[in-house]
Amino acid sequence: FKSSAGGDSRACASILAPSPFVKDARVISNVMRASSASPRAHRAFPSHTARKTSREKASSRSRAVAAASTSDAPGPFGDDRNLLVVGPGVLGSCIARVWLSNFPGAVVVGQTNTDAAHDGLRSVGVTPRTKDFGADDPTATRRFPYVVFSAPPSGSEDYPGEVAAALKYWDGSGAFAFTSSSAVYKNEAGEACDEESEVYEIGTNPRVDRLLKAEKVVLDAGGVVCRLAGLYHSERGAHKYFIKTSSLDSRADALVNLIHYEDAADLCFAAMTKGAKSHIYLGTDGVPITREAIARVSVESGVYGADAAAPAFTKTDGPLGRAMSNSRTKTELDWSPRYESFESFALRQGARDSYAPWNAPTRSRGWIPAGARHV
């Protein structure tokens, strides 16, 4: 689909990512023209004639973008479209690229736990900061019209508290989106499951408890929740694990529900720009597939080499999983998956997407932040 800005929301599928320095140059030029109306932005460019190294120039560009995003007066940045991504891992950085493709005048800030991926984020046009940023950070007092929380619950002792802390950066306009999981749904006996299906009760499972409690924090604040099925792309997901494992203690016929990272990013974009406040949306391609079939079509695709082999599934009992569909989400958000099913992705499309190894030479260095979690 096309956004109201006319951009292409399939930005993650674009192989040649535009240079962020082109955007930065345009941003700096706009700031200089608006400096009389925005003294703070003007102070972001100290007057000097000393020769700078390439690293210093890059740092200056990053500071200019960040300083401009803190300007009190709406200016050349389209402040009503600025975005904060809390947890810009694989999914979060993909959402950021979709956002910048649709709103090229926006400033996107990525908040991380450490600075390990900051250079990579800068290379795709995202201004990075750590969650323990100091008062002197140019974005310290900034609140954003759009915020997406895509950090995983692992590694957090108080996940709902982390989400609540991120809500403080939202100015209440636009949207706040939380990327949750379809694992919160209760039915696991192979039944049909959609947005309205029953979820587990609090106290059933610690991981699900963290998700449901975090969801409540967001919904009570007027945000949107995107419950996502199993995420994958050509190089990440259940299929990569299956074809490298000789034996798995699970059912071959158990159902798995999937959604491609690029489709999940598009869905989150649609939820923030078209969704209703305090609503839950479900992200899945709507074509459940068995574990055995995931492994089989991955091998049959021929993409993963001669050593790829389907594992032996040794269990014959246990949960069958869910058969998920999301017609309400598709209708309300005017969204549909580009990758219609995993089988189609593997066999008809040859597992070709923007993450595939053969596309690596054409991607920006920060296309996938180093050490990014599978979220």
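Buried means under 20% relative accessible area, exposed means over 50%, and partly exposed lies in between (1.4 Å probe, protein chains only). The legends below describe a predicted model, in which local features need pLDDT of at least 70, side-chain atom pairs count only at pLDDT 80 or more, and totals for chains, interfaces and linings use all residues. Residues are numbered from 1 along each chain as its sequence is written, and side-chain values use heavy atoms, with hydrogens and water left out.

**View 1. The salt bridge between Arg251 and Asp253.** A salt bridge is a side-chain nitrogen of Lys or Arg within 4 Å of a carboxyl oxygen of Asp or Glu. Here the N to O distance is 2.9 Å. Asp253 has 39% relative accessibility and counts as partly exposed, whereas Arg251 is buried at 13%. The structure holds 14 salt bridges.

**View 2. The salt bridge between Lys131 and Glu162.** The two side chains meet at 3.2 Å, N to O. Helices (H or I, at least four residues) and strands (E, at least two) are DSSP runs, numbered from the N terminus. Lys131 lies in the loop between strand S3 (127-130) and strand S4 (144-149), and Glu162 lies in helix H6 (residues 159-167), so the pair ties together parts that are 31 residues apart in sequence. Lys131 is partly exposed, with 39% relative accessibility. Glu162 is partly exposed too, with 30%.

**View 3. Glu300 and Arg296 in helix H10.** The side chains of Glu300 and Arg296 form a salt bridge with an N to O distance of 3.9 Å. Why can these side chains meet? An α-helix has 3.6 residues a turn, so residues three or four places apart point the same way. Glu300 and Arg296 are four residues apart in H10, and therefore about one helical turn separates them. Glu300 is partly exposed at 47% relative accessible area, and Arg296 is partly exposed at 33%. Elsewhere, salt bridges that share partners join Glu196, Arg328 and Glu332 into one network.

**View 4. The buried residues of helix H10.** H10 covers residues 291-300, and its buried residues are Ala293, Ile294, Ala295, Val297 and Ser298. Which elements do the buried residues of H10 pack against? They pack against two helices, H8 (238-242) and H12 (342-348), and against strands S10 (255-256), S11 (258-260) and S13 (289-290). Gly302 follows H10 and has a positive phi, near 75°.

**View 5. The cysteines Cys226 and Cys268.** A disulfide is a pair of cysteine sulfur atoms within 2.5 Å. How many disulfides does this rule give? The count is zero. The cysteine sulfur closest to that of Cys226 belongs to Cys268, and at 4.1 Å it is too far away for a bond. Cys268 is likewise in no disulfide, and its nearest cysteine sulfur is that of Cys226. Cys226 is buried, with 0% relative accessibility. Cys268 is also buried, at 0%.

**View 6. The surroundings of Thr179 in strand S5.** Strand S5 spans residues 170-181. Is Thr179 buried or exposed? Thr179 is buried, with a relative accessible area of 10%. Contact means heavy atoms within 4.5 Å. Neighbours within four places in sequence are left aside; the contacts of Thr179 are then Leu91, Val148, Phe149, Ser150, Leu228 and the two cysteines of View 5, Cys226 and Cys268.
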